[in-house]
Amino acid sequence: MKQRVLSGVVLTLFAAAIVVFDQIFPLALNIAVALISAAAVDELARALGLQRKWFLYGPSLLAAGAVPFCEARYQFLIYCLYTFGAFAAMIVYHHETSFKEVAVLYSMVVLIPCALQTLVSLRELNRVHGMFYVLIAVLSAWAADMGAYFAGTLFGKRKLCPEISPKKTVEGAIGGTVADAAVMLLCGLCFSRVVYAGGVTVNYWLLAVIGLLGAWVSILGDLSFSLIKRSCHIKDFGQVIPGHGGILDRFDSVIFTAPFVYVLVTFFPLAGV
């Protein structure tokens, strides 16, 4: 548990550093998202045993790393080129690979970078308070996960989805939901009252919705990738983050919460003067 908590603190500080230095070095967010996307695809490829199939592995990493730096029209171009390349490789090297391998890797290369890139899009929605939106999207996933972990450890009895993730409990899910809502409201209070000394209004109703619903979106992401892990017959995607596993183990929920938050704040701004 100590390793898990310490790693969580380090990750939170890393996210906070990107927020703080955004005005000085805005590309930091793009670089972080690109590295996370590429690392997640790398872990998935290794879990599937595809790292030695360079004709799939190389283009997949390049596409995953390039998307976070591109506008929507250029993202479409990258995915078009990646699609042509992936299926051309499948035809040329059909004796060494299968459609199932190509389809799984292809779908993840589309899903992971595209979903995580919404963190960059969140920032662009509001150049003044956009990094607050980014922080909310990430913390919505992490607060739900940590809340569920502690509540499940202390009170967990009834299994939530034992065939996919045996350790998840109903009590943990409820605890994660409560913790997520509390953290979202606390973030809004700190942002409005501490950072801007009351000079900025925050939509607390929307933060409560993000906390309550975002926790279940986070669980959906976690269970989805747990199912992928079971199909790959592995416990964790990697051991990069002590106590958490790999990059994908830590960001699987963010892959779902980031687009969810993006959709909500597109129609209902979180902050304003």
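Ser-218 is buried in this predicted model, with a relative accessibility of 3%. The residue belongs to helix 9, which spans residues 204-232. Beyond the residues up to four places away in sequence, the contacts of Ser-218 are with Ala-141, Ala-144, Ser-253 and Thr-257. Of these partners, Ala-144 also takes part in the contact of helix 7 with helix 8.

A second serine, Ser-192, is found in helix 8 and is likewise buried, its relative accessible area being 3%. Once neighbours within four places in sequence are set aside, Ser-192 touches Ala-197, Gly-198, Gly-199, Val-200, Val-202 and Tyr-204. For one of these partners, Val-202, the C-alpha atom is separated from that of Ser-192 by 6.5 Å, with the two residues ten apart along the chain.

The chain as a whole contains eleven helices and four strands. Of its 273 residues, 49% are classed as buried. Among contacts between residues at least 6 apart in sequence, 71% connect residues that are at least 24 apart.

Three helix pairs were examined. Helix 7 and helix 8 have axes that come within 6 Å and cross at roughly 145°, and the crossing is right-handed. On the helix 7 side, the contact is formed by Phe-132, Ile-136, Leu-139, Ser-140, Ala-143, Ala-144, Gly-147, Ala-148, Ala-151, Gly-152 and Phe-155. These residues meet Glu-171, Gly-172, Gly-175, Gly-176, Ala-179, Asp-180, Val-183, Met-184, Cys-187, Gly-188 and Phe-191 of helix 8. By class, 13 residues of this contact are nonpolar, seven are polar and two are charged.

Helix 2 and helix 3 have axes that approach within 7 Å and cross at roughly 155°. Angles over 145 degrees count as roughly antiparallel, and helix 2 and helix 3 are therefore assigned to that class. Their crossing is right-handed. Helix 2 contributes Ala-34, Ser-37, Ala-38, Val-41, Asp-42, Ala-45 and Arg-46 to the contact, and helix 3 contributes Tyr-57, Ser-60, Leu-61, Ala-64 and Gly-65. Seven residues of this contact are nonpolar, three are polar and two are charged.

For helix 6 (residues 118-125) and helix 11 (residues 254-267), the axes come within 9 Å and cross at roughly 25°. Angles under 35 degrees count as roughly parallel, and helix 6 and helix 11 are therefore placed in that class. The crossing of helix 6 and helix 11 is left-handed. Thr-118, Leu-119, Ser-121, Leu-122 and Leu-125 of helix 6 are in contact with Val-254, Ala-258, Pro-259, Val-261, Tyr-262, Val-265 and Thr-266 of helix 11. The contact comprises nine nonpolar and three polar residues, with no charged residues.

Seven salt bridges are present in the structure. One of them joins Lys-53 to Glu-101, with 2.8 Å between the closest N and O atoms. Lys-53 is located in the loop between helix 2 (27-47) and helix 3 (54-66), whereas Glu-101 is in helix 5 (residues 99-116), so this pair ties together parts that are 48 residues apart in sequence. Lys-53 has a relative accessible area of 17% and is buried, while Glu-101, at 23%, is partly exposed.

Another salt bridge is formed by the side chains of Glu-171 and Arg-158, at an N to O distance of 3.0 Å. Glu-171 is part of helix 8 (residues 170-195) and Arg-158 of the loop between helix 7 (130-155) and strand 1 (159-161), so the pair ties together parts that are 13 residues apart in sequence. Glu-171 is buried at 17% relative accessibility, whereas Arg-158 is exposed at 53%. Glu-171 is also among the helix 8 residues that meet helix 7.

Arg-123 and Glu-124 form a further salt bridge, in which the closest N and O atoms are 3.1 Å apart. Arg-123 is buried, with a relative accessibility of 4%. Glu-124 has a relative accessible area of 44% and is partly exposed.

Notes
Residues are numbered from 1 along each chain as its sequence is written. This is a predicted model: local features need pLDDT of at least 70, side-chain atom pairs count only at pLDDT 80 or more; totals for chains, interfaces and linings use all residues. Side-chain values use heavy atoms; hydrogens and water are left out. A salt bridge is a side-chain nitrogen of Lys or Arg within 4 Å of a carboxyl oxygen of Asp or Glu. Helices (H or I, at least four residues) and strands (E, at least two) are DSSP runs, numbered from the N terminus. Buried means under 20% relative accessible area, exposed over 50%, partly exposed in between (1.4 Å probe, protein chains only). Axes are lines fitted to C-alpha atoms, for helices over the stretch in contact, and angles run from 0 to 180 degrees between N-to-C directions. Angles under 35 degrees count as roughly parallel, over 145 as roughly antiparallel, 65 to 115 as roughly perpendicular and the rest as oblique. A crossing is left-handed if the near helix is turned anticlockwise from the far one by less than a right angle, and right-handed if clockwise. Contact means heavy atoms within 4.5 Å. Ala, Val, Leu, Ile, Met, Phe, Trp, Tyr, Cys and Pro count as nonpolar, Asp, Glu, Lys and Arg as charged, and the others, Gly among them, as polar.
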